[in-house]
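Me: I should like to learn how to read surface patches and helix packing in a model. Could we take them in turn, beginning with the surface?

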Amino acid sequence: MTSTPLPTIIDSAPPNQYSAPRLPRSLSSLETWGFGVTAHISWPAIAPVLHIALGTGAIFVWLPGTILGILLNLQVKRLGRHFPDVAGGTPNYTTRLLKHYPGLARYAAVGYFFSWVSTLAINVVVLTELIKVNLEPLGITCPDTLVKIGLTLIAFILAFSGTRALSILHLFFVIPAIGLLLAFCLFGIGWLAISPASPGFFPSSWSPPSFVDWAKWLFFVTYTTYACESASAFVADSRRPDETLRFLSISCWIMPPIFLGGSWVLMRLATDPGLGSDTFLNLLAVSTPFWGQSAAIIVTFFLAAGSLLSCATVLSNCPRMLYQLATDGHLSPVFAVVSRRGVFGPALVLTLLFTFICLAWGDVARIAVVSNTGWFVSIMSVHLALWLRRKRPEVFLPWWSGVFFLLEVVVLVVGGLAWGWKDFLIGLLFPLGILAADRVIRRIRWAPFHAAWWIQHYRGRSQTKISDFVGFQVVILILLICSAATISWMFRARIGTVDLGQNGNNLYVVMLLIAAFVGVAIACWTSLPQVMAIVEAREQSEHLFNIAIDGILVVDEKGVIRQANPAAEQLLKAIAPNLLGCRLNQIFPALAGQPDNWSSRSEHTLKTPEHPTIVEAAVSNRFNQDFQEYVVLVRDITERQQAEEAVRNYSHTLEQKVDERTSELAHANAEILALNERLQADNMRMSAELAVTRRLQQMLLPKQQELESLPGLEIASFMEPAEEVGGDYYDVLNYEDKVKIGIGDVTGHGLESGVLTIMVQTAVRTLLENNETDPKKFLDVLNRTIYHNVQRMSSDKNLSFSLLDYQAGTLRLTGQHEEMIVVRSGGQVERIDTVDLGFPIGLEADITNFVAQIQLQLHSGDVVVLYTDGITEAENRFKVQYGLDRLCDIVSRSCQQTVEEIKQAVIEDLRRHIGEQKIYDDITLLILKQK
């Protein structure tokens, strides 16, 4: 039984006019590994808070959180191997898994994105507080707002210079940071186990949390344990994606010693109630027994490094999420724009906007709850998607994914509400707000909201050159040195004779890390672009050297060959199998003496075993002032010389051949003249036939007075063939207070297609006069009539065809054609897919089993649009099609007007889109409106 399609309600939007390029695989696997431990080094930020809240019960939260995190890591690793070209990691794998549920997929991915953005703002606040705490004992007031803005902008300046510099900087500091964190956890476990001063490895009593507290903190802890898969975000631009994904297993191995081991040490050693929830004091109290006086500076280092490195990871990860979402059609195309150097400009601007929103809000606790709500829902969506696709090979532990989803639903409701229903509700609604903002971006015509503006911006920027690069770098260096000296002098004058003590050492560590980030940021906008340009130029020259068709030799001042490309080795291998170290004048004896005395261009004959080879050698001037090297181009010109000899041998018979050809051309010209006369006669006959056919088509179209007399409907029509005779058909027939409307599109256009439309019109009119009302019989008879005529004509033509029956506000639709558009009086758009309502006419002898019918009820003001693909597939000069979304949009905005005004609005918008391009297909449009 054929299923009846239901109307699809859509939001009309401009078509995606930008095809995003694939990301270049420019990152080494080691650089992507660095981004994979960001969640691990964020453990110190949450562990003390959880320890103060639950005491020994905290371990009961960390244990399931760690297990779930390990299993998610292994699952993401498998998904990464299945989607090796997908950037952004987990949220974008989820959209692929939930492709049949695009709304949920977009919501989950955007929730995941915002949670990472809020991490940046939270870490900026934490780092600002760390600086403030270490400045206050020195009598220096910390300008909170300026420091937060400065730290944020430093990170974004790095991100706007490309990923490579950021990844290398991140890797440089993340290795000692994760090493110190692991040492902290392992040293602490060892000290508890063997030190005489240890309070004991196990606590004397346990205090398991209540279920509400357990759910409340598991809801929060998963923000860290689930995020250990961040290396997967860089698979699409990793030079070795398998190596990048392999790090997810390493990430699993280091989760237990940090999350469980570190939390155990914190539980046993941070027992002083006076420590409160201060991260620095708790970690200092824990590490002092085994690190002594060095504990403060080490703790400061991995706290500051953790905050800065988390910011760097966010700005590398988030733009890739938006890029892939836009590439897959889930967000505005502008977010898929990426520069040649890997800068995700629009995505970074959006990330910066949300970061400042979080900083302006300022309440870290509430930001964490709001963002964690969207995060938790996104992870739930991952497990739901895995369960839905449980039979797919890329799914790991599918049934357990269903169990995890149910557990997370309970934790979301119980734990999320425990943090406060207002923040929980905001967290659920925030992704919807972002998606609504994306809809606004799609519709606003401001240039920066569209991909073309960014593409032009990046192209213009790539052409910018600094004429005196050395002078520019020297000026920058002078300014930096003078600025550093001035700041040092002011700082010294400010603190005077104050004893810096441990706070000074801590401040030094923080400032050192910030200075490194600032230094790299400056380099990214001064010398690094020039260095990258030099590297690219060298790679291009080496590539050209290797692929050049001509042989290229580099010789020194004595004529000894130092370099040879593959083409030269192939050309000269019969004479000199080992070119390097050989003198060139041993191969070409005519080149006597030193390279300075060689002729700039010369020819040489090589006596090879097979046949003599004639080689042309072109010698450059001295290549380098310090190293007297010369470039020699060698080319095999044997065939050219042979061709020149053949031309010389042939020249004495050329005049005779010219005379012969002249006589032949005169005879051919006479034949062409006769043929032209016949063609002119044929053209006149064909023009007459086409004129008659077109006149017949125009005569058979419904007249304006017929359309105005229809009961209950207003109708406006438009038809413009691409050639003299079109292949589009439409008709409106009024009988017994009923209206029958037909629309079709014959394959191709021209005389044959035009004749077929006349046949269809005649057959439809005949069936109507015979009172045939059953849609299956109607289309069956019509199809058989056209099918047998097409067979008799020995033609391969067929047509899509839909038939509408209207009476008293009820519309019945039969037959397969383009989607029918229904715009309700309030502007809501419905699209009716006709693919299951019929079969192309004239293609098969019997289509009865394919015919179905649907029924719609029209109310006053409702608009129905019928059209052929000449409208939706019309292209502008950029080969971008007009598209169904744009047609829906213009009709929706004009639905309150008359049918003539709606028709005119569509045609004018279509002509603006096409511009001066040639129309390649017939254009037909019918606008129906319920009175």
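Reply: A nonpolar patch of about 570 Å² lies on the surface, made by Val413, Leu417, Trp421, Leu425, Leu429 and Leu432. The model is predicted, so local features need pLDDT of at least 70 and side-chain atom pairs pLDDT 80 or more, while totals for chains, interfaces and linings use all residues. Residues are numbered from 1 along each chain as its sequence is written, and side-chain values use heavy atoms, without hydrogens and water.

Me: Which residues make patches?

Reply: Patches take residues with over 30% relative accessible area (Shrake-Rupley, 1.4 Å probe, with only the protein chains shown as cover) and no salt bridge (a Lys or Arg side-chain nitrogen within 4 Å of an Asp or Glu carboxyl oxygen); nonpolar side chains (Val, Leu, Ile, Met, Phe, Trp, Tyr) are joined within 5 Å, and like charges within 9 Å.

Me: Which helix gives the most to the nonpolar patch?

Reply: H16 does, with four residues. Helices H15 (398-418) and H16 (421-443) each supply at least two, and Val413 is found in H15. Helices are DSSP runs (H or I, at least four residues), numbered from the N terminus.

Me: How are two packed helices described?

Reply: The angle between their axes and the distance between the axes describe them. Axes are lines fitted to C-alpha atoms over the stretch in contact, and angles run from 0 to 180 degrees between N-to-C directions. Helices H10 (residues 241-269) and H11 (residues 279-291) pack at about 85 degrees, with axes 9 Å apart. H10 and H11 are therefore roughly perpendicular (65 to 115 degrees).

Terms used
Angles under 35 degrees count as roughly parallel, over 145 as roughly antiparallel, 65 to 115 as roughly perpendicular and the rest as oblique.
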